[in-house]
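Colleague: Got a minute to go through this one with me? Put it up on the screen and I'll ask as we go.
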Amino acid sequence: MADPGSRARRRERGRLEALVGVDLRPVAEGVLSRLVAAALEGASADEVTPPVTPGPGWSPERVEWLRAFHRDRRAGLDGPAGEVTWAVVEFAPGEDQDTGRVLGSVRLRRTGEPGGFETGIWLVRDARGRGVGTTAVRLLLERAREAGAATVRADTTTGNAGAVALLRALGFSTTVQGERVRAELTLG
Ligand SMILES: CC(C)(COP(=O)(O)OP(=O)(O)OC[C@H]1O[C@@H](n2cnc3c(N)ncnc32)[C@H](O)[C@@H]1OP(=O)(O)O)[C@@H](O)C(=O)NCCC(=O)NCCS
């Protein structure tokens, strides 16, 4: 028999997607090309990748890191990386997976602690400040619940006012240590 809880969660997810026009989509190869193009055009390398090469700019190595990062996580939470990534896509009802504008990416990783997960997000500059991040993280939290998460953690810095505001608005409690902000949400 279908789990009524999971039906309710699917309804909630559908309601959110219809309401705000944002969807999370698997990063298949076609989506990955659009995600890399969006990152190069609309986000800084430091927002999207670790400092694989010196300097703040995009380099071929950083682009390759980004491609490999998403490809290596296609096996999802139960794969070798214990992590899954999605493209954040502007959603139009009826559009299929190969259409819609890629606005950024979210990821979800098992920390190794029972029920413990960790997340991260980036969006292109012109998508910021209009609620896309809030919606994407809400959708991500639904996926985390479905995966059995008890807590979801996000790490950021005091200088990242957008990330701190977003996480607090979604109910994460924050602990500040120097410049580091650790945000944690216990899922009910
Ligand atoms: C952080 C980020 C994901 C936020 O997404 P977003 O779509 O811009 O955020 P939203 O529009 O949903 O806003 C969420 C909240 O933050 C506030 N906010 C957004 N940008 C802000 C800023 N620069 N300064 C202060 N508050 C800000 C909004 O007012 C809103 O608060 P409210 O709910 O109380 O009104 C996005 O800015 C981003 O991709 N930044 C670069 C990468 C990054 O820093 N990732 C986070 C690492 S943890």
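Colleague: By class, how many nonpolar, polar and charged residues does the shell around the ligand have?
Modeller: Ten nonpolar, nine polar and three charged. Nonpolar here covers Ala, Val, Leu, Ile, Met, Phe, Trp, Tyr, Cys and Pro, charged covers Asp, Glu, Lys and Arg, and the others, Gly among them, count as polar. Before we go on, this is a predicted model: local features need pLDDT of at least 70, side-chain atom pairs count only at pLDDT 80 or more, and totals for chains, interfaces and linings use all residues. Residues are numbered from 1 along each chain as its sequence is written.

Colleague: Which residues are the closest to the ligand?
Modeller: Arg128, Gly133, Thr134, Gly162 and Ala165, out of 22 residues that surround the ligand. A residue is near the ligand if its C-beta atom, placed from the backbone, lies within 6 Å of it.

Colleague: And which helices and strands each supply at least two residues of that shell?
Modeller: Strand S4 (116-123), helix H5 (132-146), strand S5 (151-157) and helix H6 (161-169). Helices (H or I, at least four residues) and strands (E, at least two) are DSSP runs, numbered from the N terminus. The largest share of the shell, six residues, comes from H6.

Colleague: OK, stay on H6. Which of its residues are buried?
Modeller: Ala163, Leu166 and Leu167. Buried means 20 or more other C-beta atoms within 10 Å of the residue's own, exposed means 12 or fewer, and partly exposed is in between, with C-beta atoms placed from the backbone. Seen down the axis of H6, those buried residues fall within an arc of 95°, so they line one face of the helix. The arc is that of the directions from the helix axis to the C-beta atoms.

Colleague: What do the buried residues of H6 pack against?
Modeller: H5, S5, strand S6 (173-177) and strand S7 (180-186). Contact means the C-beta atoms of two residues, placed from the backbone, lie within 7 Å. On the other side of H6, Ala161, Ala165 and Ala169 are exposed.

Colleague: What about the loop before it, is Gly159 buried or exposed?
Modeller: Gly159, in the loop between S5 and H6, is exposed because it has 9 other C-beta atoms within 10 Å. Its C-alpha is 9.4 Å from that of Val181, 22 residues apart along the chain. After H6 comes Gly171, with a positive phi near 95°.

Colleague: Let's zoom out. How many helices and strands are in the chain?
Modeller: Six helices and seven strands. Along the sequence the pattern reads α-β-α-α-α-β-β-β-α-β-α-β-β. Of the 188 residues, 31% count as buried. Among contacts between residues at least 6 apart in sequence, 56% join residues at least 24 apart.

Colleague: Next, strand S2. Why is it largely enclosed by the rest of the structure?
Modeller: Because seven of the eight residues of S2 (residues 83-90) are buried. S2 pairs with strand S1 (residues 22-26), running antiparallel over five bridges, and with strand S3 (residues 102-110), also antiparallel, over seven bridges. Strands pair if DSSP finds at least two bridges between them.

Colleague: Which residue in S2 is the bridge partner of Leu24?
Modeller: Val88. Towards S3, Ala87 has Ser105 as its bridge partner, and Val84 stands opposite Leu108.

Colleague: And how many bridges join S3 to S4?
Modeller: Seven, and those two run antiparallel. Gly104 is bridged to Leu123 in S4. Their hairpin has five residues between the strands, and Gly112 takes a positive phi near 105° there.

Colleague: Last topic, helix H2 (29-42). Which of its residues are buried?
Modeller: Val31, Leu32, Leu35, Ala38 and Ala39. Down the axis of H2 they fall within an arc of 125°, so they line one face of the helix. On the other side, Glu29, Gly30, Ser33, Ala37 and Glu41 are exposed.

Colleague: What covers the buried residues of H2?
Modeller: The cover includes S1, H3, helix H4 (60-71), S2 and S3.

Colleague: And where is Ser44?
Modeller: In the loop between H2 and helix H3 (45-48). Ser44 counts as partly exposed because it has 13 C-beta neighbours inside 10 Å. The C-alpha atoms of Ser44 and Gly57, 13 residues apart along the chain, are separated by 6.9 Å.
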